[in-house]
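I opened a fresh page to keep track of what I looked up today. Have a look along with me.

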Amino acid sequence: RALMRLVGDQSVGLMLLLAGRTAFFDEQVKAAVAAGVKQVVILGAGYDTRGIRLGLPKDVTVFEMDQKDLQEKKKSTLEGIANSGALPVDTSRVRYVPVDFAAGQGVELLKTVPDYDPAAATVFTLEGVAQYIPKEATGRTVLAAAALCGDGSRFIMSYVPQELYEDPHKVGAQPDETKTLLRSVAKAGEPWVSGWYQHDFAAFMRQRGFEVQRDISVAEIVEEYYTPARRHVPARQRIGFERYVIAHKV
């Protein structure tokens with residue numbers, strides 16, 4: 001409790017959000033695979049280890065798309081862990097797809113990957129990315145994904161509610177602390193530039209080939225993951241920095 005008072009409710013809320021978001025994305029990827037999806041595309045994968053730690057079936061292939069230099073660092077780190085014997089690391093199902101987002105490259109590069117089947121059911125993830133890029137870039141990504149996957153495909157992503165920028169109280173955030181957060185990410189060179197209202201986001205996805213099935217808040221994440229584990233999260237820490245979406249190809 002003393003630590004929480006020190007870092008503040010908004011900081012604690014952010015940490016809880018990240019843990020809950022990870023659980024949500026893990027669960028949705030596993031649900032898609034259980035439904036028969038054999039391809040997982042992680043957009044802006046970074047140091048995400050979902051393709052390794054979820055224990056997906058051997059016939060599922062994971063395609064990680066991100067900057068080449070970051071991918072090389074990641075592969076080197078994973079190789080070091082594997083050689084040390086500290087943890088089992090099986091990357092046999094992972095395909096690294098280098099992409100230069102700054103140069104306008106994107107999902108369409110999957111067409112150049114021999115193991116990728118554009119007619120197969122695929123689950124795409126875009127986690128913690130949409131707020132950092134213009135809406136137009138997100139739109140191009142979703143539209144390109146819809147053109148490169150078969151029936152039964154899914155798109156799982158997070159986005160920032162527009163209310164966070166305009167009236168933080170509506171999503172349980174404090175205006176002063178929110179301003180501090182936004183200034184901090186901007187100062188770090190990664191400003192948050194995009195947000196949506198919930199009803200606008202559903203239309204945004206529909207126009208690009210995916211129908212939203214669920215669009216849930218941080219409060220709902222708490223009820224689905226923390227409450228069953230008897231982890232009490234007070235209302236002041238249920239801060240709606242993001243929303244989480246499951247959309248199916250139409």
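These are my notes, taken topic by topic.

**Entry 1: what kind of model**

I reminded myself before starting that this is a predicted model.

**Entry 2: helix H4**

I began with H4, which covers residues 68-84 and has 17 residues. From its first C-alpha to its last it reaches 24 Å, close to the 24 Å expected at 1.5 Å a residue. Which residues of H4 are buried? I found Gln71, Lys74 and Leu78 on that list. Looking down the axis of H4, I saw why they belong together: the buried residues fall within an arc of 65 degrees, so they line one face of the helix. A general rule helped me here: an α-helix has 3.6 residues a turn, so residues three or four places apart point the same way.

Next I turned to the face of H4 that looks away from the buried side. There I noted the exposed residues Asp69, Lys73, Glu79, Asn83 and Ser84. I also checked what covers the buried residues of H4, and the cover includes helix H3 (50-53), strand S2 (61-66) and strand S3 (94-98). Just after H4 comes Gly85, and its phi is positive, near 75 degrees.

**Entry 3: Arg50**

Since H3 had come up, I looked at one of its residues, Arg50. Is Arg50 buried or exposed? With a relative accessible area of 3%, Arg50 is buried, because anything under 20% counts that way. Leaving aside neighbours within four places in sequence, I listed its contacts as Thr22, Phe25, Asp26, Val29, Ile42 and Glu127.

**Entry 4: the largest pocket**

I then searched for empty space. The idea is friendly enough: rolling a probe the size of a water molecule over the atoms shows where empty space is left. The largest pocket has a volume of about 860 Å³. I counted 29 residues lining this pocket, and the closest to its centre are Gly44, Phe101, Leu126, Val129 and Ile133.

Which element gives the most to the lining of the largest pocket? My answer is H5, with 4 residues. Strand S1 (39-43), strand S4 (122-126) and helix H5 (135-147) each supply at least two residues of the lining. Sorted by type, the lining residues divide into 14 nonpolar, 8 polar and 7 charged.

**Entry 5: Leu43**

I stayed with S1 and picked Leu43, which lies in that strand. At 5% relative accessibility, Leu43 counts as buried. How far apart are the C-alpha atoms of Leu43 and Leu126? They are separated by 5.3 Å, although the two residues are 83 residues apart along the chain. Not counting residues up to four places away in sequence, Leu43 touches Met65, Val107, Phe124, Thr125, Leu126, Val129, Thr141 and Phe155.

**Entry 6: Gly150**

Moving on past H5, I found Gly150 in the loop between H5 and strand S5 (154-159). Gly150 counts as buried, at 8% relative accessibility. Its C-alpha and that of Ala121 are separated by 4.6 Å, with their positions 29 residues apart along the chain. Among the residues that Gly150 touches, not counting those up to four places away in sequence, I wrote down Pro118, Ala119 and Lys249.

**Entry 7: helices H8 and H9**

In H8 (residues 198-206), the buried residues are Phe201, Phe204 and Met205. Seen down the axis of H8, they fall within an arc of 90 degrees, so they line one face of the helix. These buried residues pack against H5, S5, strand S6 (210-217) and S7.

For H9, I listed Val218, Ile221, Val222, Tyr225 and Tyr226 as buried. Down the axis of H9, its buried residues fall within an arc of 105 degrees, so they too line one face.

Arg230 sits in the loop between helix H9 (218-226) and strand S7 (243-249). Its relative accessible area is 80%, and Arg230 is exposed. Its phi is near 60 degrees, a positive value in a residue other than glycine.

**Entry 8: Phe24**

My last stop was Phe24, in helix H2 (residues 9-34). At 1% relative accessibility, Phe24 counts as buried. What does Phe24 contact, leaving aside its neighbours within four places in sequence? I noted Ile156, Ile216, Ile221, Tyr225, Tyr244, Val245 and Ile246. Two of these names, Ile221 and Tyr225, are also on my list of buried residues in H9.

Key: Residues numbered from 1 in each chain as written. Predicted model: local features only at pLDDT ≥ 70, side-chain atom pairs only at ≥ 80, totals over all residues. Heavy atoms only, no water. Expected span 1.5 Å × (residues − 1). Buried < 20%, exposed > 50% of the residue type's maximum accessible area, 1.4 Å probe, protein only. Arc of directions from axis to C-beta. Contact = heavy atoms within 4.5 Å. 1 Å grid on protein atoms, 1.4 Å probe; cavity = no way out; pocket = protein on both sides within 12 Å on 5 of 7 lines; lining within 4 Å. Points joined across faces, edges and corners; volume = space filled by probe spheres on them. Nonpolar A, V, L, I, M, F, W, Y, C, P; charged D, E, K, R; others polar.
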